[in-house]
Amino acid sequence: MMRGALRASGLRSYWLRQYACLSDPRARTAAETHVTETLSTLPLPYRAGYALALRLLPAAFFLVSGRGLRSASAAEGRRGMQRLAALPGFADVVRSGTALALLGALDGRPAAQPPSPTGAGR
């Protein structure tokens, strides 16, 4: 339910234009997984409301900006999201979804192995 709602929302294309860290396919996959898995843990009424808001997001964005979210440039996306924030609930959905995505991307990247201290392993 949440994965389909996220895909329908257009947020993934918006995030790609706004956050360079999501250009890495592994980070992008980790971001999307973190969003969908976290939202899937919400109680059913909240989960259903969030999914509905995600599915309505492209229409709401179009109403406030006159552009499609998927085709908006980075600047048009930012301006449209600022206008969208005036509609009840959408600012929270975008803000929380984006935060979850960025946390997922950060946590999902393979970390570089720190150098072992001299003499370790003896």
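Contact, in these exercises, means that heavy atoms lie within 4.5 Å of each other. The structure is a predicted model.

**Exercise 1. Find which residues Met81 touches, leaving out residues up to four places away in sequence, and place Met81 in the largest nonpolar core.**

Step 1. Once residues up to four places away in sequence are set aside, Met81 touches Leu11, Tyr14, Phe61, Leu69 and Val94.

Step 2. The largest nonpolar core has 28 residues, and Met81 is among those with the most contacts inside it, together with Leu11, Trp15 and Leu54.

Step 3. Helices α1, α2, α3, α4, α5 (74-84) and α6 (90-108) each supply at least two residues of this core, and the largest share, 7 residues, comes from α4.

Step 4. As a general background, nonpolar side chains in soluble globular proteins tend to be buried together.

**Exercise 2. Determine which residues of helix α1 are buried, and what covers them.**

Step 1. Helix α1 takes in residues 2-9, and within it Met2, Ala5, Leu6 and Ser9 are buried.

Step 2. These residues lie on the same side of α1, because they cover an arc of only 100 degrees around the axis.

Step 3. This pattern can be set beside a general rule: an α-helix has 3.6 residues a turn, so residues three or four places apart point the same way.

Step 4. The cover over the buried residues of α1 includes α2 (11-18), α3 (25-39) and α4 (44-65).

Step 5. Just after α1 comes Gly10, which takes a positive phi of about 85 degrees.

**Exercise 3. Describe the lining of the largest pocket.**

Step 1. The largest pocket has a volume of about 160 Å³, and the residues that line it include Tyr14, Tyr19, Met81, Phe90, Val94 and Arg95.

Step 2. Sorted by kind, the lining residues divide into 8 nonpolar, 2 polar and 1 charged.

Step 3. Helices α5 and α6 each supply at least two residues of the lining, and α6 gives the most, with 5 residues.

Step 4. Met81, which touches Val94, belongs to this lining, as does Val94.

**Exercise 4. Decide whether Glu76 is buried, partly exposed or exposed, and find its contacts beyond four places in sequence.**

Step 1. Glu76 is found in helix α5.

Step 2. Buried means under 20% relative accessible area and exposed means over 50%, so Glu76, at 23% relative accessibility, counts as partly exposed.

Step 3. Leaving out residues up to four places away in sequence, Glu76 touches Phe61, Arg67 and Ser71.

Step 4. Ser65 is 11 residues apart from Glu76 in sequence, and the two are 7.9 Å apart in space, C-alpha to C-alpha.

Conventions
Residues are numbered from 1 along each chain as its sequence is written. This is a predicted model: local features need pLDDT of at least 70, side-chain atom pairs count only at pLDDT 80 or more; totals for chains, interfaces and linings use all residues. Side-chain values use heavy atoms; hydrogens and water are left out. Buried means under 20% relative accessible area, exposed over 50%, partly exposed in between (1.4 Å probe, protein chains only). Helices (H or I, at least four residues) and strands (E, at least two) are DSSP runs, numbered from the N terminus. The arc is that of the directions from the helix axis to the C-beta atoms. A nonpolar core is a set of buried Ala, Val, Leu, Ile, Met, Phe, Trp, Tyr and Cys residues joined through side-chain atoms within 4.5 Å. On a 1 Å grid over the protein atoms alone, a cavity is a set of points where a 1.4 Å probe fits but cannot get out, and a pocket is an open set with protein on both sides within 12 Å along at least five of seven lines; lining residues have an atom within 4 Å of a point. Grid points are joined across faces, edges and corners, and a volume is the space filled by probe spheres set on the points. Ala, Val, Leu, Ile, Met, Phe, Trp, Tyr, Cys and Pro count as nonpolar, Asp, Glu, Lys and Arg as charged, and the others, Gly among them, as polar.
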